[in-house]
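Q: I am a first-year student and would like a close look at one part of this protein, namely its strands and what lies beside them. Please explain slowly how that part is put together.

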Amino acid sequence: MALNEALSARNRNSADEFYTQLTDIEDELRHYRAQFKNKVVLCNCDDPFESNFFKYFAMNFGHLGLKKLISTSYAGSPITGKQLPLFDVEGLRAVRPVRDVYKVEITEVPDLNADGAIDLLDVEHLLRHDSNAVTPLGGDGDFRSPECVALLDEADIVVTNPPWSLIRSFIPMLLEHDKQFLVLGDQNFVTYREIFREIQANKLWFGYNNGGTKWFRVPDDYEIKTESRKKIVNGVKYFSMGRAYWFTNIDHSRRHEPLTLYKRYSPEEYQTYTNYPAIEVSKVSEIPMDYDGEMGVPITFLDKYSPEQFEIIGQSIELAEPMSRYAAKEDYACAAGRVVGGTGKFFVPLGSGKHRGVYQRVVIKHIGDKS
Ligand SMILES: C[S@@+](CC[C@H](N)C(=O)[O-])C[C@H]1O[C@@H](n2cnc3c(N)ncnc32)[C@H](O)[C@@H]1O
């Protein structure tokens, strides 16, 4: 992408400009420590002078036993070097190149200032003294550009919070290049066909700490409509998101913990959809332990999914027959009486108990331990 194209892209995608906090990165990364030993890590949407991903890996370089850390900046970022100097080390800001598109490559973080601890002062020292550590990129730093793809090919693991508007090309690119990765995204990305099919094939899953409230640092002019999702601390603006999930293909222990099930199936309690042969299970905790057929569950199930316990059959977006074949629109009324609609959803008709309505669901089946 040419520089002026990138600059207009930045205007279009200012919603992509929210910056991950170090605590959220630390909380997730501690579950994968052993898998990073001797690996080349790439943070490919991360201005090293502003990203906490770079900061985390630089400070934990020796502790994780990394082979190399690469971090690249992007010309389209409207905050570059302006509003979000996340590094509080004055010296680091001073060594930042004038040109704003560059890569940092680190192969060791020695205790250069000999204070007995590896910290950001050592990273600063390294960047000041090793002329190879910071080099300009020829292009705009777009993760899809040939020079960034060459860096991707050099890497073993990609860890970042990428531009969410480009997730449909970002995650498939990592899979195509056969990389391991840990990236932040919106829970709803699972419903995108190109993401869901990889989850279904067990090539992609959720990480460890999903949902909850994560606060992201944002530029001053970032628009936040809901007051409760905004806070300003020491003049810095933050935005909270409840649906930020980690997407990964690195194994972790929670993925193999089976859900404990306590409910038993009864046809009265679990209605069958009109437009697909599966039962409606409206809460993940109420998956019946003794039902062998297909079940429709909320997408939040995927955060509890263990591939030894369940098989993922598909999602309603792909499986649901159009409701118009079965009922008039008035029949789509939900329990509250409101008429709801939409294609790609499963339909439990009026008069069939408390779960009548239309639902967007993931379809699963027991394959293993039902306890
Ligand atoms: C959600 S923000 C996260 C930034 C940083 N990774 C973090 O977690 O703090 C996504 C970043 O990707 C950058 N970006 C947008 N489009 C990009 C592209 N095509 N290639 C590389 N980076 C891009 C944005 O400027 C923004 O800084």
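A: Two strands are said to pair if DSSP finds at least two bridges between them. With that in mind, and remembering that this is a predicted model, we can begin with an open sheet of three strands, whose order is β8-β10-β9 and whose pairing is antiparallel. β8 (214-218) and β9 (230-233) stand at the edges with a single partner strand each, so one side of each has no neighbour in the sheet. When direction is ignored, neighbouring strands of this sheet are turned against each other by 35 degrees on average. The link between β9 and strand β10 (residues 236-241) consists of four bridges, and these two strands run antiparallel; Lys-231, for example, has Tyr-238 in β10 as its bridge partner.

As a general point, the strands of a sheet pair through backbone hydrogen bonds, in either a parallel or an antiparallel way. The other sheet to look at is an open one of eight strands, in the order β4-β3-β2-β1-β5-β6-β11-β7, and its pairing is mixed. Here the edges are taken by β4 and β7 (205-206), each of which has a single partner strand, so one side of each is left without a neighbour in the sheet.

Starting from the β4 edge, three bridges join β3 to strand β4 (residues 134-136), and the two run antiparallel, with Val-104 standing opposite Val-134 in β4. On going further into the order, strand β2 (residues 68-72) is joined to strand β3 (residues 102-106) by four bridges, again in an antiparallel arrangement, and Thr-72 stands opposite Lys-103 in β3. At the other edge, β7 and β11 run antiparallel and are joined by two bridges; in β11, Thr-248 is the bridge partner of Trp-205.

Next, consider what packs against this eight-stranded sheet. In helix α2 (residues 22-29), the residues Ile-25, Glu-28 and Leu-29 are buried, and because they cover an arc of only 90 degrees around the axis, they are on the same side of α2. In general, an α-helix has 3.6 residues a turn, so residues three or four places apart point the same way. The buried residues of α2 pack against α3 (52-59), β6 (180-186) and β11 (244-248), and two of these elements, β6 and β11, stand next to each other in the strand order given above.

Leu-29 deserves a separate word, since this residue of helix α2 has 20 C-beta neighbours inside 10 Å and therefore counts as buried, the cut-off being 20 or more. The C-alpha atoms of Leu-29 and Tyr-208 are separated by 9.0 Å, although the two residues are 179 residues apart along the chain.

Finally, two loops that lead into strands of the eight-stranded sheet are worth a look. Most residues other than glycine have a negative phi. Asn-38, in the loop between α2 and β1 (40-43), has instead a positive phi, near 65 degrees, without being a glycine, and Asn-38 is exposed, with 10 other C-beta atoms within 10 Å. Asn-202, in the loop between α9 (193-200) and β7, likewise has a positive phi, of about 60 degrees, although it is not a glycine; because Asn-202 has 13 C-beta neighbours inside 10 Å, Asn-202 counts as partly exposed.

Technical notes:
Residues are numbered from 1 along each chain as its sequence is written. This is a predicted model: local features need pLDDT of at least 70, side-chain atom pairs count only at pLDDT 80 or more; totals for chains, interfaces and linings use all residues. A residue is buried if 20 or more other C-beta atoms lie within 10 Å of its own, exposed if 12 or fewer, and partly exposed in between; C-beta atoms are placed from the backbone. The arc is that of the directions from the helix axis to the C-beta atoms. Two residues are in contact if their C-beta atoms, placed from the backbone, lie within 7 Å. Axes are lines fitted to C-alpha atoms, for helices over the stretch in contact, and angles run from 0 to 180 degrees between N-to-C directions.
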